[in-house]
Amino acid sequence: YQRRVREIKVSTMMDDEEMLEMQLQALEAEATQFDTYEDYLDSQIQKIDLYYLEDEDMARQLVELGFRGTSAETMKREEFEGKKYQLDELRKQINKKAKKTLASHNRDLAGYPFLQTLADREELVRSGKLTTIIFIRDENHKGQEISGYIDYGNRLKSENFELYFDGKKKLLPKPSDLSYYNWETQTSTSNNSQNFQVIADNYEGLLFKNKRDRKVINVDPKAKPGDNSQRVEIKTHEYTQVVLYDHVTRRKN
């Protein structure tokens, strides 16, 4: 019964997080397109208006009043600033919620460098400020060597990570992750996630495109990982090999 209650709580938490994330993405699409209201007005001014008026400020005033513009209805300044405010408040709400639901909170991870590294990133990943791809090479419960790339943020939303941080469960690649390979059975899979698109058929090798800012992450150890990305190899006794690819999402405020 207690296990079922915990599963329901985790499921509810995931539903709330997904709903807030959807609201954030929708609001970001509207509120981050223009930095200022004047930039928005400028986007509505037609070349012919500037040709006849010869005054940018007057052209802006006419757009704001609804007499000129490329849109059927011009957004008012109060509405524009209101969307900026809503976005800021929603981000605060998500960050506050993330702090309350950290699976690594109060966990003693001394001696477990990989888990400590995940704990250090958990809040940033949950808030959407950071996306992290985890490469793991190790053995499964059958003693078979497996490897794969895991979307850390996606797993955080779909699983109870307290089990991993408590040492009751070991994080390993699955066939449902971004990429999975079983070296004994030669089973190979790849899947897009909420945060990344897999680009497998490429002359540069395996690539992952961040869905939020469209930046590409190259996981080839001999190549640069890409813009706003870094490759971090973790020295640990916990696995045969662990490499993290951190990507900072660049979005306008």
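Start by selecting β2, residues 145–151. In this predicted model, 6 of the 7 residues of β2 are buried, so the strand is largely enclosed by the rest of the structure. β2 is also where confidence is highest, with a mean pLDDT of 98.

**Neighbours of β2**

Now add β1, residues 130–139. β1 and β2 run antiparallel and are joined by 7 bridges. To see one of these pairings, click on arginine 137: its bridge partner in β2 is serine 147. Then follow the chain through the hairpin, where 5 residues sit between the two strands and glycine 143 takes a positive phi near 85°.

Next, bring in strand β3, residues 179–182, which pairs with β2 in the antiparallel sense over 4 bridges. Look for tyrosine 149, which stands opposite serine 179 in β3.

**Into the nonpolar core**

Keep β1 on screen and show the side chain of isoleucine 134. Which residues does isoleucine 134 touch, leaving aside those up to four places away in sequence? The contacts are Phe114, Leu118, Gly148, Tyr149, Ile150, Tyr152, Leu171, Val242, Val243 and Leu244.

Isoleucine 134 belongs to the largest nonpolar core, which has 24 residues. Together with Phe114, Ile136, Phe161, Phe165 and Leu171, Ile134 touches the most other members. To colour the elements that each supply at least two residues of this core, select α6 (113–127), β1, β2, α7 (152–158), α8 (162–165) and β9 (241–248). Helix α6 gives the largest share, 5 residues.

A second core, separate from this one, has 11 residues, including Phe135, Phe196, Phe208 and Val243.

**A buried arginine**

Stay with helix α6 and pick out arginine 121. Is this residue buried or exposed? Its relative accessibility is 13%, under the 20% cut-off, so arginine 121 counts as buried. Beyond residues up to four places away in sequence, arginine 121 touches Leu130, Thr132, Tyr152, Val232, Leu244 and Asp246.

**The β8–β9 hairpin**

Select strand β8, residues 229–234, along with β9: the two pair in the antiparallel sense over 6 bridges. They form a hairpin with 6 residues between them. For a pair to click on, try serine 229, which stands opposite histidine 247 in β9.

**A three-stranded sheet**

Move on to the open sheet of 3 strands, ordered β5-β6-β7 with antiparallel pairing. Its edge strands are β5 (196–199) and β7 (216–218), each of which pairs on one side only. As you rotate the view, the twist averages 30° from one strand to the next. Strand β6, residues 207–210, is joined to β7 by 3 bridges, and lysine 209 has valine 216 in β7 as its bridge partner.

**Where to be cautious**

Colour the model by confidence. The mean pLDDT is 83, and 82% of residues reach 70 or more. Helix α1, residues 2–31, has the lowest confidence, at a mean of 59. Over residues 1–14 the pLDDT is below 50, and this stretch has 8 contacts beyond near neighbours in sequence. Where pLDDT is low, the predicted coordinates should not be read in detail.

**Zooming out**

Finally, show the whole protein, with its 8 helices and 9 strands. Of its 253 residues, 42% count as buried. The protein exposes about 15200 Å², and carbon and sulfur atoms supply 47% of that area. Among contacts between residues at least 6 apart in sequence, 56% join residues at least 24 apart.

Notes:
Residues are numbered from 1 along each chain as its sequence is written. This is a predicted model: local features need pLDDT of at least 70, side-chain atom pairs count only at pLDDT 80 or more; totals for chains, interfaces and linings use all residues. Side-chain values use heavy atoms; hydrogens and water are left out. A nonpolar core is a set of buried Ala, Val, Leu, Ile, Met, Phe, Trp, Tyr and Cys residues joined through side-chain atoms within 4.5 Å. Buried means under 20% relative accessible area, exposed over 50%, partly exposed in between (1.4 Å probe, protein chains only). Contact means heavy atoms within 4.5 Å. pLDDT is the predictor's confidence in each residue, from 0 to 100. Two strands pair if DSSP finds at least two bridges between them. Accessible areas come from the Shrake-Rupley method with a 1.4 Å probe; for residues, only the protein chains shown count as cover. Axes are lines fitted to C-alpha atoms, for helices over the stretch in contact, and angles run from 0 to 180 degrees between N-to-C directions.
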